[in-house]
Amino acid sequence: ATNSFEFVDWDTPLAVVTGDATYTASFNTVAKKFMVTWKDDKGNEIDHMEYASGQTPTHEDPVKEGYTFTGWTPAITAVMDKDQVYTANFKINQYTIRFVDEDGTELKVQTVNHGVKPTAPANKPTKDGYSFSAWNPGIVAATEDATYTATYLLNIASVTTSKGTTPYTSWSGALDAANKAENSTLKLLTDVGGLGSQAIKQTFTLDLNGHALRGSANKLLELQTAGKTLTIRDSQGGGKIETKSANSQLVAVYVTKGTLNIEGGHIRAENTYTGTSTSYYGCGVLVSSGYACNMSGGTVEGITNIDVAYGLYNNGGTVTITGGTINAEAQTKAYGVHVKGNTTVENATVNATTTRTTIADAFYVTAAKTLTIHSGVFTANALTTAGYAIEATAAATINVNGGKFKSTTKTVSNTGSATIQ
């Protein structure tokens, strides 16, 4: 039974019996009540309440994160004759995820369930001159439709080994790779500036490729390992290695150990010091005792605002020059090639210029070593005082087999009893 009855009264008030009488009872109909229980899809009770027979239960739609409510099981009907349990049904939300290139080109579209992390394209997108960096924003588990855009970093340099060519988006990364891979080629792909001292520890070729390495370090590039060779070339022309500052002893390429081969590029040190100290200099290349430099092309240059400039300083090493140009320019003392180690020169241009006072020497020989000159053009241009193509202050051996010498004072100054042939 879905209803019950409740006595109300008799149709006629009861009275003292005086004869036959009929009394009719009156009742109210009382709907029977049943318990309705609401549960989630895991069987956990959400709510419960009573409903009278014939009433249709109602309940607000339950919420489950990442899901959409789809209805109750069983379907809701009017309560008739028993307690009832209704269980919520949900459908997991799905989202559309797009991966696009930086110009908006669609690379991949996928549909993923709520809470699932999308999968990026198997092949990273590419862009000429750049390396893929990351997706923006970073990929996370899906909670809504989303678009991820490819981002790129400019390639600074590449390193080529026997295994192939790898681009790098930082100079430090490329140099580190070259320092670990013997006989590799490190090629600049853009200008790099703001450098401190850079250590060269392995045999490799640095191709400036028409670009510049710039910094302000006392030793911008320093060869640090005996038995290893750095070769500098410039496949496109216009490439530079340049250090510029007011530091006391400024050297663009310092051969502390090992061998330097210069095939091209412009190697330059410019000292901008303007004070009164005489210990400040700019030197393009300095070669330490016992090590070597071979120059077949390019330009090496030392510039100093006040005191001394050296183009190439051979400080007890072995230097062979078969081409290229060496310049030194200062206000007071300029030495194109400072010879303190055995030096051979042919088919080269060496210039020394002072713009205020004192001395300009194309070759400044200060140790009992051998300087051999086969050919080239050698100029010493001193504004005042002395300009010598060759100045010897030590008992050196100087072999002059050819070349054109230009000087503002005289070709040779020999105050060191050098043997000149």
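A residue counts as buried when its relative accessible area is under 20%, as exposed when the value is over 50%, and as partly exposed in between. The exercises below apply to a predicted model.

**Exercise 1.** Decide whether Thr231 is buried, partly exposed or exposed, and describe its surroundings.

*Solution.*
Step 1. Locate the residue: Thr231 belongs to strand β19, which covers residues 229–233.
Step 2. Compare its accessibility with the cut-off. The relative accessibility of Thr231 is 10%, and the limit for buried is under 20%, so Thr231 counts as buried.
Step 3. List the contacts, leaving out residues up to four places away in sequence: Thr231 touches Phe204, Thr205, Leu206, Asn261 and Glu263.
Step 4. Take one of these, Leu206. Thr231 and Leu206 are 25 residues apart in sequence, yet their C-alpha atoms are 6.0 Å apart in space.

**Exercise 2.** Do the same for Ile46 in strand β4.

*Solution.*
Step 1. Strand β4 spans residues 45–52 and includes Ile46.
Step 2. Ile46 has a relative accessibility of 34%. This value lies between the limits of 20% and 50%, so Ile46 is partly exposed.
Step 3. Apart from neighbours within four places in sequence, Ile46 is in contact with Trp38, Lys39, Asp40, His59, Pro62 and Trp72.
Step 4. Two of these partners, Trp38 and Trp72, also appear in a cluster linked by ring pairs, together with Phe69, Tyr86 and Phe90. In the whole structure, a search finds 15 aromatic pairs.

**Exercise 3.** Find which strands stand at the edges of the open sheet of 9 strands, and explain what follows for them.

*Solution.*
Step 1. Write down the strand order: β14-β17-β20-β23-β26-β29-β32-β35-β38, with parallel pairing.
Step 2. Read off the ends. β14 (192–195) and β38 (404–407) each have a single partner strand, so one side of each has no neighbour in the sheet.
Step 3. Add the twist, which averages 5° from one strand to the next.
Step 4. Check one pair inside the order. β29 (residues 325–330) and β32 (residues 348–354) run parallel and are joined by 6 bridges. Within this pair, Ile326 has Val350 of β32 as its bridge partner.

**Exercise 4.** Work out how the buried residues of helix α1 are arranged around its axis.

*Solution.*
Step 1. Helix α1 covers residues 171–178, and its buried residues are Trp171, Ala174, Leu175, Ala177 and Ala178.
Step 2. Look down the axis of α1: the buried residues fall within an arc of 160°, so they line one face of the helix.

Conventions
Residues are numbered from 1 along each chain as its sequence is written. This is a predicted model: local features need pLDDT of at least 70, side-chain atom pairs count only at pLDDT 80 or more; totals for chains, interfaces and linings use all residues. Side-chain values use heavy atoms; hydrogens and water are left out. Two strands pair if DSSP finds at least two bridges between them. Helices (H or I, at least four residues) and strands (E, at least two) are DSSP runs, numbered from the N terminus. Axes are lines fitted to C-alpha atoms, for helices over the stretch in contact, and angles run from 0 to 180 degrees between N-to-C directions. Buried means under 20% relative accessible area, exposed over 50%, partly exposed in between (1.4 Å probe, protein chains only). Contact means heavy atoms within 4.5 Å. Rings of Phe, Tyr and Trp (its six-membered ring) pair if their centres lie within 6.5 Å; planes under 30 degrees apart count as stacked, over 60 as edge-to-face and the rest as tilted. The arc is that of the directions from the helix axis to the C-beta atoms.
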